[in-house]
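Trainee: Before we begin, could you help me see how the terms used for a structure are justified?
Mentor: Gladly; let us look at it together and take the terms in turn.

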Amino acid sequence: MISCQWREELADDDRDEVLALVAAAAEYDGEAGFSRVEPRDVTACSRKGVRVSHLAVKARRGLSALEDAPLVVVAYLHLAVDEGGLGTVQFVVHPDYRSRGIATLLVEELGLDVDRPDGWMGTGARGLRTWAFGTHPAAERLTRRFGISSVSRLWTLFRSLTGPFAVPLDPVHLPGGSVLESPRALDDPQSLKALDDVLSRSGMPPAQLEKLSESRADGTGSVVLASDDTGRPQGFVWLDPLLHTHLDLRAAWIRALVLEKEARGGGLGAGLLVRALEVLRDAGAQIGLMRIDPDDDGAVRLCRLLSFEQEEAHTCYQVGEWHEPPGYL
């Protein structure tokens, strides 16, 4: 019923179909199936330390049983395997073919055996991970059926900035000697150096540092830096004032909030977050969005104090043994 073959690079026709599929999924509901897929993922090639494979999943148009019905791309799977053998999966089904068993058929076709000498499906992957963004009943049914375990969670939070439900953004008293700078472009050389300095003293897990680095390389927006009285950066908040529609409201994202270990617990994080929300509000956003790890008690407490509300829950699923925590953004 479905047809698929691993490729290091997609053929021109398949690539165009997959790009159209990714665009249709993003327009349909802002969620690309079991994970978000960007156009750059569709055209990505293997690089040092990472083996990239593409899988265009085809079926007869309309899932027709007629042999003369044309084959069309109904789903796409992107796999990136690192040097340690951890495979990161991104998967998207075309909106017209969701809830029709495509994902289940694919798992039945490929299996989930990561214990083979050459890894899953010969890709070298000895473990697989994927994020399901949003509470997906289909994802829950599929993972329960095939015994796929969850290993991490995320929450999307929102904060009203204007309108009847908006709470005033009260000034935050910063720790003595700390100052917040004006927003700088994300790609500003001084910003990049300062961000790397903070990250080196943040104690973040390697997977999270890598994910944040990848996202910064392709990201947009600006950063607000916090520094002590010697000018040493203590933390930063990365925000993207680009407006998009979310729940029929104008929304913008806070992408990351990071402090060095020594600067935590004194109010600096609250000061950075309030400044970011002010910038988004002044840019026309009615709500600000951000993601946090619900197991991070400090982040949860901070966001509750600043009147954030939980909107969505996300889950990282895993096949095989892998003990390092997953990265996210």
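**Terms and their reasons**

Mentor: Keep in mind that this is a predicted model. We can start with Asp240, whose place is in strand S11, residues 233–246.

Trainee: What makes Asp240 a residue that has no salt bridge?

Mentor: A salt bridge needs a side-chain nitrogen of Lys or Arg within 4 Å of a carboxyl oxygen of Asp or Glu, and for the buried Asp240 the nearest side chain of opposite charge, Arg255, is 4.2 Å away, so no salt bridge is counted.

Trainee: Which side chain does a polar contact join to that of Asp240?

Mentor: That of Thr220, at 2.8 Å, and since the cut-off for a polar contact is 3.5 Å, the value lies within it. Leaving aside neighbours within four places in sequence, Asp240 is also in contact with other residues, among them Trp253 and Leu280.

Trainee: Why is Cys4 called partly exposed?

Mentor: Because buried means under 20% and exposed means over 50%, the relative accessible area of 25% places Cys4 in between; Cys45, at 37%, is partly exposed by this reasoning too.

Trainee: How do you know that strand S5 is largely enclosed by the rest of the structure?

Mentor: Seven of the eight residues of S5, residues 86–93, are buried, so the strand is described in that way.

Trainee: What makes S4 and S5 a pair of strands?

Mentor: Pairing needs at least two bridges, and seven bridges join S4 to S5, which run antiparallel, so the requirement is met; Tyr76, for instance, has Val92 in S5 as its bridge partner. With strand S6, S5 pairs in the parallel sense over three bridges.

Note on methods. Residues numbered from 1 in each chain as written. Predicted model: local features only at pLDDT ≥ 70, side-chain atom pairs only at ≥ 80, totals over all residues. Heavy atoms only, no water. Buried < 20%, exposed > 50% of the residue type's maximum accessible area, 1.4 Å probe, protein only. Helix = DSSP H or I, 4+ residues; strand = E, 2+ residues; numbered from the N terminus. Lys, Arg positive; Asp, Glu negative; His and termini not counted. Polar contact = N/O pair within 3.5 Å; in protein donor to acceptor, adjacent residues only side chain to side chain. Contact = heavy atoms within 4.5 Å.
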